[in-house]
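The following questions and answers examine selected geometric features of a protein model. Each answer proceeds from the computed values to the quantity or name requested.

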Amino acid sequence: AEAGAEGDNQMVVETQSATDALGKSESAPMSTQQAQEAPDFVEEPGQVRTLAAWIQVGDHHKKNGRNEQAVSAFDVALEMEPRCIPALVGRAETKRTLGLHEASIDDFDVALAIEPRNPIFLATRGLVKLDLGWARSAASDFKAALVADSQCQLAAWGRHMTARFEKKAPLRRLVLAGFQKPCLNTRYTECRRPEFSVNGRETYWSSDQAYFLYRCRTQSSWKGTRACDFPTVKAGRSLCIIGAPRRKEILAPSFVRGWHEWDGSSWLSRGPGCGVSSIEVVTAPPRAIGLSGFSVATLNGQYIERRQPCWVANGRETYWTLDSQHLLYWSAKELRWKGSDGLSWDRIQAGASVGFMAAPVRADIMSQEMVDNWHEWDGNQWSFSSTAGVVSVLPRAARTVTLSGFKNESMNKIYQERRDELIDGREIYLSSDGQHFIFWCQGETRWKGSATDFLPKIRKGKSFSFLGSPQGADILSPGLLKCWQEWFDNKWIYRPEAGVSHIGTVGGRHSDVRQKPHKRVLHVSGPPAKRSRADVPAVVVRHAGQQPKRSSREQGLASTDSESSRYELATESEPENDGMLTPRSQHRSEVVETIFSRYDVDGDGHLCSSELRAFAEAAGFDGDDQEWADEYRQLLAVNSGGCTEEKGVHRVAFCRLISDVSGEGLYCTDEELLGILDWPKKGA
């Protein structure tokens with residue numbers, strides 16, 4: 001078993017490649033050991049390589065896992081011929097392997113501008129977008145690929161994965177900053193429901209539900225406007241008061257900046273820092289580190305976590321102020337957390353250890369020991385302060401990662417974050433049964449899964465493992481990290497659908513309840529249910545032709561599909577009482593009790609897996625056995641008190657599940673519960 005676990009030298013480094021479409025002969029996947037033993041290209045004195053030779057060099061490096069050298073070779077080829085398709089696609093694939101997804105998409109964009117109907121290029125670009133969680137944009141690429149070639153298996157598989165992502169992935173939330181109107185500088189939560197989509201894309205709603213963001217098809221840009229204008233925008237108009245740069249994806253890991261704002265008479269640029277300042281997963285929000293006690297006032301405040309690959313330094317996440325003026329990063333040279341200004345970011349990523357505040361050596365930024373004892377640079381020397389340092393970490397709830405899709409069922413479990421045991425300075429994730437764990441391997445720059453029996457050896461630098469993620473990827477990626485490799489039958493096997501299936505926190509209650517809840521089951525069939533204010537974004541639903549109420553106190557709104565159109569903000573009114581049952585009403589409690597008793601077939605006071613699945617199917621769940629197994633494990637994880645896999649969920653936990661609007665439960669509106677009462681009883 002030890003020999004098999006240490007089989008990393010046999011890990012596959014080559015998977016299906018888009019260059020297959022170029023008619024190039026691809027060799028069998030090479031192991032890391034073979035790659036290290038492969039002869040390098042030797043440049044003879046006076047040798048001048050041709051374009052084809054540089055492409056050959058790039059392909060050689062790419063297949064052998066030397067990705068930086070491959071990119072350099074493709075760069076030279078593209079300097080010689082900027083429209084060279086093999087070099088563009090080769091560099092795009094290599095950048096994806098390095099985690100440079102946005103740059104990879106840029107190269108595929110150029111290649112598709114030359115060959116716009118190439119199905120492999122379209123499908124592969126879709127997969128890169130899916131890596132980032134851009135499901136709707138990826139779906140467009142897969143659809144175009146299948147139009148070009150209905151037999152394209154890569155596109156068909158990508159479309160299947162997109163459907164799974166839309167159904168299973170947690171909602172995303174982004175933060176805007178830098179606008180003149182303070183009400184615009186807030187969090188916006190994703191809404192995927194078809195009735196709230198615009199131009200086939202998801203929308204994002206502000207915390208107070210007064211504004212929303214949507215994708216404008218005619219101008220290929222993201223825009224923001226008032227919630228009361230939703231019906232008009234849904235009907236095809238392009239009203240907005242803020243606008244992002246064109247052809248930029250709002251969920252780009254590098255963050256879309258350089259937005260413009262309408263001041264009532266003209267469009268104004270609010271500077272390069274105006275726009276997206278944070279992207280997070282609703283079920284596992286980023287942590288905020290609070291600093292205090294420093295003599296320079298601007299250093300005191302909150303620093304928000306950034307985990308995207310483009311914001312990683314020395315293999316660790318970074319923490320930034322909301323205005324991106326200051327950051328905290330891990331210094332590999334000094335083995336400590338340091339603080340610097342945002343202007344030094346490029347130097348920090350290159351390996352420099354610059355800054356003007358420093359934490360104790362080897363201390364974890366989440367630990368209680370970091371409350372004080374930091375150092376601060378006063379311009380001439382480092383000064384020690386016993387009161388300067390971390391004063392808050394929010395939220396402190398441990399994160400959870402659910403793995404699924406592996407042949408070894410013992411690895412398909414929920415893993416909980418542990419910071420009392422660090423490997424390579426990073427947290428580990430321990431399985432619910434304590435038999436396996438996930439750790440960061442700095443030597444291979446990837447997350448790996450192993451048995452806890454090997455923990456002592458892994459602490460000493462060994463790399464015993466059964467699972468391996470893609471290199472350079474974040475295990476908490478909003479795109480739900482897939483394409484892992486598994487040690488099975490004494491060899492490494494590439495599992496394109498295996499990996500992270502859910503991200504959460506212990507307790508799982510971090511969603512903004514004022515936003516429309518993210519349901520993990522489908523609606524019951526039947527007539528559309530009425531919705532309460534807590535159930536949908538608080539838009540004023542008016543007929544598209546109905547004139548909005550006008551308020552002279554509000555500023556004007558720009559319409560980008562008409563040169564002279566000006567609109568006034570509408571006054572939103574509270575929705576009338578529609579007679580719906582409230583979640584806390586006595587009637588709802590009686591309905592819940594009746595439903596629980598109906599599905600508790602054996603009358604033991606618990607809903608076991610089969611009984612709870614019968615309820616979930618009545619509520620709209622239509623997944624297969626594996627999908628239900630994953631769902632059931634996740635439901636037990638967030639309702640662990642008195643709930644076991646054998647017994648199932650008891651009455652109190654069931655009430656929590658169907659009233660949980662965080663996306664972690666089986667939330668049902670009052671109307672849906674009444675519909676389930678009328679649903680034909682299914683034998684559990």
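Q: How many of the residues of strand E4 are buried?
A: This is a predicted model, and burial here means a relative accessible area under 20%. Strand E4 comprises residues 211-216 and is mostly covered. The number of its 6 residues that are buried is 6.

Q: Which residues of E4 point the opposite way from Tyr211, Leu213 and Arg215?
A: In a regular strand, side chains alternate between the two faces of the sheet. In E4, Tyr211, Leu213 and Arg215 point one way, and these residues are buried. Pointing the other way, and also buried, are Phe212, Tyr214 and Cys216.

Q: Which residue of E4 is the bridge partner of tyrosine 204?
A: Strand E3 (residues 203-206) contains tyrosine 204. E3 and E4 pair in the antiparallel sense over 2 bridges. They form a hairpin with 4 residues between them, and glutamine 209 in the turn has a positive phi of about 60°. In E4, the partner of tyrosine 204 is leucine 213.

Q: Which residue in the hairpin of E4 and E5 takes a positive phi?
A: E4 and E5 pair in the antiparallel sense over 6 bridges. One bridge joins tyrosine 211 to arginine 226 in E5. The hairpin has 4 residues between the strands, and the residue with a positive phi, near 50°, is serine 220.

Q: Which strands stand at the edges of the open sheet?
A: The sheet consists of 9 strands with antiparallel pairing, in the order E9-E8-E7-E5-E4-E3-E2-E1-E10. An edge strand here has a single partner strand, so one of its sides is left without a neighbour in the sheet. The strands in this position are E9 (267-269) and E10 (275-281).

Q: What is the geometry of the pair formed by the rings of tyrosine 204 and tryptophan 222?
A: The structure holds 28 aromatic pairs. For tyrosine 204 and tryptophan 222, the ring centres lie 5.7 Å apart and the planes meet at 70°. Planes over 60 degrees apart count as edge-to-face, so this pair is edge-to-face.

Q: How many residues apart in the chain are tyrosine 204 and tryptophan 222?
A: Tyrosine 204 lies in strand E3, whereas tryptophan 222 lies in strand E5 (residues 221-226). Both residues are buried. Their pair links distant parts of the chain, with a separation in residues of 18.

Q: What is the angle between the planes of tryptophan 487 and tryptophan 492?
A: Tryptophan 487 and tryptophan 492 are both buried. Their aromatic pair has a centre-to-centre distance of 5.7 Å and is edge-to-face. The angle between the planes is 70°.

Q: Over the ring of which residue does the charged end of arginine 316 sit?
A: Two arginine placements over rings may be described together. Arginine 426 lies over the face of tryptophan 440, at 5.1 Å from the ring centre. The charged end of arginine 316 is 5.0 Å from the centre of the ring over which it sits, that of tryptophan 330.

Q: Is alanine 87 buried or exposed?
A: Alanine 87 lies in helix H5 (residues 85-97). Beyond its neighbours within four places in sequence, alanine 87 contacts Ile55, Phe74, Ala77 and Leu78. Its relative accessibility is 0%, and alanine 87 therefore counts as buried.

Q: Which helices do the buried residues of H5 pack against?
A: Of the 13 residues of H5, 10 are buried, so the helix is largely enclosed by the rest of the structure. The buried residues include Ile85, Leu88 and Val89. Their packing partners are helices H3 (51-63), H4 (67-80), H6 (101-114) and H7 (119-131).

Q: How far apart are the end C-alpha atoms of H5?
A: At 1.5 Å a residue, the 13 residues of H5 should span 18 Å. H5 is followed by glycine 99, whose phi is positive, near 85°. The computed end-to-end C-alpha distance of H5 agrees with the expected span, at 19 Å.

Q: How far apart are the end C-alpha atoms of residues 51-84?
A: The unreviewed UniProt entry places the feature "repeat: TPR" at residues 51-84. This span is 79% helix and 0% strand. Its end C-alpha atoms are separated by 9 Å.

Conventions: Residues numbered from 1 in each chain as written. Predicted model: local features only at pLDDT ≥ 70, side-chain atom pairs only at ≥ 80, totals over all residues. Heavy atoms only, no water. Phe/Tyr/Trp six-rings, centres within 6.5 Å; stacked < 30°, edge-to-face > 60°. Buried < 20%, exposed > 50% of the residue type's maximum accessible area, 1.4 Å probe, protein only. Lys NZ or Arg CZ within 6 Å of the ring centre and 35° of its normal. Pairing = 2+ DSSP bridges. UniProt positions renumbered as here; feature names shortened; annotations may be inferred. Contact = heavy atoms within 4.5 Å. Expected span 1.5 Å × (residues − 1).
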